[in-house]
Amino acid sequence: MAIVVVPALLRPLTGGEERVTVAGRNVGQVIDDLERQFPGFRDHLLQQGELKPSIAVSIDGEMGTGGLLDRVKDSSEVFFIPAIGGG
Amino acid sequence: MTDTNGSLKHSRVIGTRPIRHDGEDKVTGRAKYGADYALPGMLHGKVLRSPHAHARIKSINIQKAQRHPGVYAVITGADLPEVKGVMANLGELVVNTHYLSLNVMARDKVLYDGHAVAAVAAVNRHIAEEALELIEVEYEVLPPVMTAEAAMRPDAEILLPELRRMRMASRVDPGKLEGPDQPSNVAGHIQFQRGDLAAGFAAADFVVEREFRTAAVHQGYIEPQNALAVWDARDHLTIYCSTQGSFNVRTLTASMLTMAEGQIRVVPTEIGGGFGGKTTIYLEPLAAVLAQKSGRPVKMTMTRGEVLRATGPTSGTLFRVKIGASRAGKITAAEVWMAYEAGAFPGSPFAPGAMTTLGPYVIENLLIDTFDVVVNRPKVAAYRAPGSPASAFACECVINELAEQCGIDPVEFRLRNASQEGTPQPAGPPFKKIGCVETLEALRDGEHFRSQLRGAHRGRGVASGFWFNGGLQSSADVNIHIDGTVSVVTGSVDIGGSRTAMAMITAEVLGVESRDVRPLVADTDAIGHNDVTGGSRITLATGMAVYNAAHDALRQLKARAAILLEKAPEEVEFRDGAFYTPGGAAPMPLKQLAAKLISTGGPVTGRASLNAGAVGAVGNAFASVCVDVEVDPETGKVRILRASIAQDVGRAIHPSYVEGQMQGGLAQGLGWALNEEYFYDERGNLRNSGLLDYRMPTCLDLPMLETLLVEVPNPSHPLGVRGVGEVNIVPPMAAVAEAIYKAVGVRLTELPMSPTKVLKAIMQKRQKDETEMAAAD
């Protein structure tokens with residue numbers, strides 16, 4: 001089971017838990033399991049069935065390419081963080 | 001030099017300093033910038049801009065302007081389609097298209113001095129300007145809200161009635177309301193939190209708590225925005241413009257005009273600077289609509305005044321910083337509150353400001369709150385490491401003060417807390433291999449930091465900074481010509497010498513000389529997708545695409561050589577610019593093979609397209625600077641005596657251009673530190689909309705800026721490259737503040753540290769010292 005580090009302002013959804021255990025082999029499945037465990041989570045992360053453009057996913061220190069198909073391992077640590085731009 | 005994928009044992013080209021391919025055209029005036037373009041029958045467009053910072057538009061009458069001789073078209077917001085609020089993903093940018101449309105041209109409300117209200121196309125710009133004066137606009141003037149502090153007050157005038165304060169998992173997550181359901185000027189709030197803050201501060205022997213402000217500053221690119229739009233008979237639109245991202249211009253313009261992207265071709269011209277400011281659009285949709293209405297090509301070019309009044313600067317900011325450290329010089333806790341002015345519409349760099357500040361340090365107990373706040377100023381745009389310079393100024397000043405309280409050298413203090421591989425970033429994910437420690441060590445061991453600074457009113461300061469490297473999408477073609485020369489084609493606008501870097505990477509892989517490779521930047525119809533030139537990503541990510549495309553060409557060339565050498569392709573080796581077979585015939589140089597491409601199958605084109613991931617996916621950058629200043633205690637004027645920067649560049653493809661980026665960022669940071677700011681009067685009108693009054697540093701203000709290239713190879717890049725364009729602007733301001741403190745004993749907490757502010761601080765200190773001495777007597 002992978003670990004999701006919950007963004008600080010979404011921790012009310014998880015009862016204040018910073019790290020939660022989730023099932024899933026990719027980012028989409030991880031979000032599905034987050035929603036199952038903590039209803040309301042999905043709306044913060046998805047827009048029209050895709051990851052919001054404003055959100056980036058870090059899996060084991062590697063930034064994904066932005067898709068729900070990015071692979072997640074049982075031992076993975078997953079962060080949902082703001083996507084950013086540069087100048 | 002480190003070749004992380006093992007394909008380059010020895011570099012012949014990478015690390016050398018050939019003359020840039022576009023250099024002669026630029027120094028002889030042959031290079032064509034946007035304003036140089038002209039088409040038969042072309043009209044000139046101009047924009048009527050609001051004289052008010054905040055007002056309702058009650059009516060616009062364009063009849064007199066339409067009748068003015070020489071005028072072909074007049075447009076207002078009513079001529080632009082209504083655009084729904086879609087969050088468009090532009091790779092590096094996330095844009096609310098509804099607000100972008102309102103920024104391109106106001107509809108029922110103007111939100112800053114200079115906001116576009118109407119536009120005219122005429123036979124020349126003088127007639128267009130005359131026509132602008134004939135447009136009658138009736139306004140209902142509203143109170144302007146000019147700072148984040150004022151905008152966040154409960155009784156503040158509201159800019160955008162539909163805006164609610166949102167709790168956000170990310171910067172534009174329309175997620176959940178925070179607080180009561182009522183209008184707010186706060187567009188967003190992000191928080192990063194870990195550890196036990198109370199316990200961390202309880203463990204501190206020293207705690208420093210300060211408030212900081214930074215002024216909005218402009219990128220200062222020398223070439224104003226421009227756009228030339230022309231429609232063809234099939235209703236296809238072509239736009240020539242100065243931009244950092246032609247594909248983004250295509251996407252955004254299509255969105256503004258509710259067109260399909262495939263109907264638009266964008267041709268990027270040479271670009272006279274951008275620094276992030278040309279990652280969005282202003283004139284392109286207006287030129288397109290004027291051209292459509294008039295049936296003629298329309299060119300629009302901003303004046304300097306328009307650039308300063310109406311294009312995006314960076315945010316003004318407010319910070320409250322509290323950091324604790326043990327006597328041994330270990331940071332125990334940090335709490336940072338930050339508010340970024342977004343300008344008239346949401347979208348300041350409040351997230352990256354929070355994600356980068358304190359990035360150079362291991363901090364177990366951390367709380368960062370960051371807010372996006374709308375104010376009656378131009379909508380901000382990206383500016384070199386957006387958000388990070390301001391937050392680094394605040395936190396690095398406190399780090400310097402803590403080091404002093406601990407009695408520890410500021411570089412040593414930083415080294416005791418320095419981030420390394422595995423250290424969690426402020427946003428949470430761990431760093432991969434980084435060069436934070438190495439840049440500090442390079443600075444510490446450099447001649448500048450080790451030298452003695454002598455003389456009255458002189459001081460030295462240091463500071464560090466962190467910024468991400470961009471990833472995103474890039475495409476490249478490598479064409480082998482029959483004479484053995486090569487062209488490398490990308491869609492990445494060259495803003496800092498990247499064409500030469502692309503040529504050098506190609507030359508390295510193919511064993512030819514850099515001068516034998518012609519690098520080109522193609523338009524949006526001629527090459528695969530390339531995201532914006534920004535985020536320190538071009539030599540890094542587009543360079544990766546070029547590297548892959550050159551290898552693709554090489555693979556094909558080996559197959560052709562195998563035909564001629566009568567061997568299997570896998571038996572052909574390539575080294576030193578020639579093809580070999582073990583024990584076979586004489587080596588075949590690439591030029592010789594190129595001459596036989598026709599007879600062995602035709603042209604060879606190597607191709608590569610890639611998505612290098614989100615910003616931060618392929619590396620991170622660190623820099624540390626050392627600055628010496630001299631302060632005139634009678635006038636408050638600060639003179640930069642010496643400045644040096646150590647930066648982890650991964651691997652320098654062309655060291656001169658890497659040094660140029662480092663010097664450029666450092667110079668801009670010094671200007672931000674000492675001089676640059678927007679002056680608005682009480683009505684919200686900009687009072688310094690020219691470069692005489694908006695004071696950017698010139699070469700007369702700066703010494704030779706010294707560079708220390710630190711090469712900690714990027715493990716995520718085949719050549720070890722890191723993005724080098726941005727992190728250099730992050731640390732200078734705090735280093736200057738510390739140097740001023742060391743020189744005259746006053747700690748400045750507001751940017752710019754102009755003579756007025758420095759003198760005021762010196763006089764307050766004198767008064768305080770005299771009061772204390774009198775009390776002691």
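User: Which residues touch the most other members of the largest nonpolar core?

Analyst: The model is predicted. Its largest nonpolar core holds 272 residues. The members that touch the most others are Ile239(B), Ala287(B), Val373(B), Val736(B) and Ile740(B).

User: Which helix gives the most to this core?

Analyst: Nonpolar side chains tend to be buried together in soluble globular proteins. The top contributor to this core gives 14 residues. That element is helix 16 of chain B.

User: What does Ile740(B) touch, not counting residues up to four places away in sequence?

Analyst: Ile740(B) is one of the core members that touch the most others. Away from its sequence neighbours, it touches Gly459(B), Val629(B), Val631(B), Val638(B), Val746(B), Leu748(B), Met753(B) and Val758(B).

User: At what angle do helix 15 and helix 16 of chain B pack?

Analyst: Helix 15 covers residues 498–510 and helix 16 residues 538–565 of chain B. Helix 15 of chain B passes helix 16 of chain B in a right-handed crossing. The axes are 9 Å apart, and the angle is about 30°.

User: How do the residues of the contact of helix 15 with helix 16 of chain B divide, and how many are nonpolar?

Analyst: Helix 15 of chain B contributes Ser498(B), Ala501(B), Met502(B), Ile505(B), Thr506(B), Val509(B) and Leu510(B). From helix 16 of chain B come residues including Ile538(B), Gly543(B), Tyr547(B), His551(B) and Leu554(B). No charged residue takes part; six are polar and the nonpolar ones number eleven.

User: Why is helix 7 of chain B largely enclosed by the rest of the structure?

Analyst: Helix 7 spans residues 246–256 of chain B. Its buried residues include Phe247(B), Arg250(B), Leu252(B) and Met256(B). After the helix comes Thr258(B), with a positive phi near 50°. The helix is largely enclosed because its buried residues number ten of the eleven.

User: Is Lys322(B) buried, partly exposed or exposed?

Analyst: Lys322(B) lies in strand 17 (residues 317–325) of chain B. A buried residue needs 20 or more other C-beta atoms within 10 Å, and an exposed one has 12 or fewer. Lys322(B) has 18 such neighbours, so it counts as partly exposed.

User: How far apart in space are Lys322(B) and Arg210(B), C-alpha to C-alpha?

Analyst: Beyond four places in sequence, Lys322(B) is in contact with Val207(B), Glu209(B) and Glu335(B). Arg210(B) is 112 residues from Lys322(B) in sequence. In space, their C-alpha atoms are separated by 6.6 Å.

User: Which residue in the turn between strand 21 and strand 22 of chain B has a positive phi?

Analyst: Strand 21 (residues 473–480) and strand 22 of chain B are antiparallel, with five bridges. Across this pairing, Ala476(B) stands opposite Thr490(B). The two strands form a hairpin with five residues between them, and the residue with a positive phi, about 90°, is Gly484(B).

User: What is the bridge partner of Ser487(B) in strand 23 of chain B?

Analyst: Strand 22 (residues 486–490) of chain B has four of its five residues buried. Five bridges join it to strand 23 (residues 517–521) of chain B, and the two run parallel. The partner of Ser487(B) is Arg518(B).

User: Which are the edge strands of the open sheet of chain A?

Analyst: This sheet has five strands in the order 2-1-7-5-6, with mixed pairing. Within it, strand 1 (residues 2–5) and strand 7 (residues 77–82) of chain A run parallel, joined by three bridges. Each edge strand pairs on one side only; these are strand 2 (19–22) and strand 6 (62–63) of chain A.

Methods
Residues are numbered from 1 along each chain as its sequence is written. Chains are lettered from A and ligands numbered from 1 in the order in which they are written. This is a predicted model: local features need pLDDT of at least 70, side-chain atom pairs count only at pLDDT 80 or more; totals for chains, interfaces and linings use all residues. Axes are lines fitted to C-alpha atoms, for helices over the stretch in contact, and angles run from 0 to 180 degrees between N-to-C directions. A crossing is left-handed if the near helix is turned anticlockwise from the far one by less than a right angle, and right-handed if clockwise. Two residues are in contact if their C-beta atoms, placed from the backbone, lie within 7 Å. Ala, Val, Leu, Ile, Met, Phe, Trp, Tyr, Cys and Pro count as nonpolar, Asp, Glu, Lys and Arg as charged, and the others, Gly among them, as polar. Two strands pair if DSSP finds at least two bridges between them. A nonpolar core is a set of buried Ala, Val, Leu, Ile, Met, Phe, Trp, Tyr and Cys residues joined through C-beta atoms within 7 Å.
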